[in-house]
Amino acid sequence: MTFKSFLSDRFGRIILQGIFVLTAVLFLLATGTDPGVAGLLLIAVFVCFGLTLTYDYRKSSKRFKELNAVMEGLNEKYLFAECAPPSKDASEQALFALFRRSGKSMVEAVSEAQAAGREYREYVESWVHEIKTPITAAALICRNISGESRDKLLRELGQIEAHVERALFYARAESPEKDCIIRQCSLNRIVSEAVKNHQSLLIGQGMRIETEGPGSGEDGLMVYTDAKWAAFIIGQILQNAARYHGDEPVITLTAKTLGKQTRLSIKDNGIGIPAHELPRVFDRGFTGKNGRTRGGSTGMGLYLCRKLSAFLQIDFNITSTEGAGTEVSLTFPAKENLTKL
């Protein structure tokens, strides 16, 4: 609070006090009081007013700094009214009483909203686990069917399962720390799991998978992440590559070390993404021209990938050329740079 703003708040009062003092001086002069005496009285009154204003300003400024320090020191800012030092000023006490009532109402509303959100997430997770049973049963039934119909049914069941899995991770993304466990994992195994989860879609679209880079042995390169979440992220990228494929579709997975970090690049030769849409591909619900043309896009895949990658501290980048393909790079952090290990 500046002295200028302080005076501005009291401008009307100062004007009224000035009018009162001038009226009193004119009255004294009219009744025969010596002009010198009236002048001294005028000066004395104005000096008293000035000192009173200065005292009020210093007192208000000190109180404001005290309250501001309390606010800055709070993690939960909405508790400010509860934690503020008590005031001797009656109007400020009444004002803070209103603040406390408002804060209590807000906390109750937020608590109710959080409880409702928690119940909804728990319901979604329960529903996902329950719906997986009939999906698995339907896949087993398909084994007794031969020919092209079986392959089509398996592909559609695979898509249903992918949507169900996406719903589960969307629900968990609101509180990822409850389900995520970051540890040393084999990148080869994570990629293999992602490919296996979506093999029906990849085979149905005629996708060819090629791998490059270091990865000798069963485990190959090791990364620090949550294997289940990382497999989900890679799976979403594979789904996009299969959905927006071109002629003779190929997905190339390349792993390489960058100092203590590890980068996985997933490149396809599909239809690519228009340059003007590339900055928006991580927006929730954004489908773009390709999604509207080919259908089946929800606009949630890359949104979830970016959100989960941020929690896992994976650097997620995407580049694309329309008509030439898309490349997504996942840079896994070094162990010493992790804050959630």
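**Entry 1: salt bridges**

I started with Glu210 and Arg208, whose side chains meet in a salt bridge at 2.9 Å, N to O. This is a predicted model, so I kept an eye on confidence as I went. Glu210 is partly exposed, at 30% relative accessible area, and Arg208 is also partly exposed, at 44%.

How many salt bridges does the structure hold? I found five. Another one links Asp283 to Arg280, with the closest N and O atoms 3.9 Å apart. That still counts, because the cut-off is 4 Å. I looked up the exposure here too: Asp283 is partly exposed at 36%, and Arg280 is partly exposed at 44%. Elsewhere, salt bridges with shared partners tie Arg63, Glu66 and Glu92 into one network.

I went into that network next. Glu66 bridges to Arg63, the closest N and O atoms being 3.2 Å apart. Why can these two meet? They sit three residues apart in helix 3, so about one helical turn separates them. The general rule fits: an α-helix has 3.6 residues a turn, so residues three or four places apart point the same way. Buried or exposed, I asked of Arg63? Arg63 is buried, at 14% relative accessibility, whereas Glu66 is partly exposed at 38%.

**Entry 2: helix 5**

Glu92 led me to helix 5, since it is one of the buried residues there. The helix runs over residues 90-142 and has 53 residues. From first C-alpha to last I get 78 Å, close to the 78 Å expected at 1.5 Å a residue.

The other buried residues of helix 5 are Phe96, Gly103, Val124, Val128, Ile135 and Cys142. What do the buried residues pack against? Their neighbours are helix 3 (35-72), helix 4 (80-83) and helix 6 (148-172).

I also checked the start of the helix. A side-chain oxygen of Asp89 comes within 2.9 Å of the backbone nitrogen of Glu92. So Glu92 turns up three times in my notes: in the salt-bridge network, in the buried list and in this contact with Asp89.

**Entry 3: strands 6 and 7**

I followed the side chains along strand 6 (residues 315-321), and they alternate. Phe316, Ile318 and Ser320 point to one face and are buried. Asp315, Asn317, Thr319 and Thr321 point to the other face and are not buried. In a regular strand, that alternation between the two faces of the sheet is the rule.

Which way do strand 6 and strand 7 run? They are antiparallel, joined by seven bridges. Thr321 has Gly325 of strand 7 as its bridge partner. The two strands make a hairpin with three residues between them, and Gly323 in the turn has a positive phi of about 85°.

**Entry 4: positive phi outside glycine**

Most residues other than glycine have a negative phi, so I looked for exceptions. Glu248 has a positive phi of about 45°. It lies in the loop between helix 9 (227-243) and strand 4 (250-258), and is exposed at 68% relative accessible area.

Gln313 is another, with phi near 60°. Its place is the loop between helix 11 (301-312) and strand 6. Gln313 is partly exposed, at 23%.

**Entry 5: confidence**

Last, I looked up pLDDT. The chain averages 83, and 96% of its residues reach 70 or more. Where is confidence lowest and where highest? The low is helix 10 (residues 288-294), with a mean of 74, and the high is strand 7 (residues 325-332), at 94.

Definitions and conventions: Residues are numbered from 1 along each chain as its sequence is written. This is a predicted model: local features need pLDDT of at least 70, side-chain atom pairs count only at pLDDT 80 or more; totals for chains, interfaces and linings use all residues. Side-chain values use heavy atoms; hydrogens and water are left out. Helices (H or I, at least four residues) and strands (E, at least two) are DSSP runs, numbered from the N terminus. The expected span of a helix is 1.5 Å times one less than its number of residues. Buried means under 20% relative accessible area, exposed over 50%, partly exposed in between (1.4 Å probe, protein chains only). Contact means heavy atoms within 4.5 Å. A polar contact is a pair of N or O atoms within 3.5 Å; within protein, one must be able to donate a hydrogen and the other to accept it, and residues adjacent in sequence count only if both atoms are side-chain atoms. pLDDT is the predictor's confidence in each residue, from 0 to 100. Two strands pair if DSSP finds at least two bridges between them.
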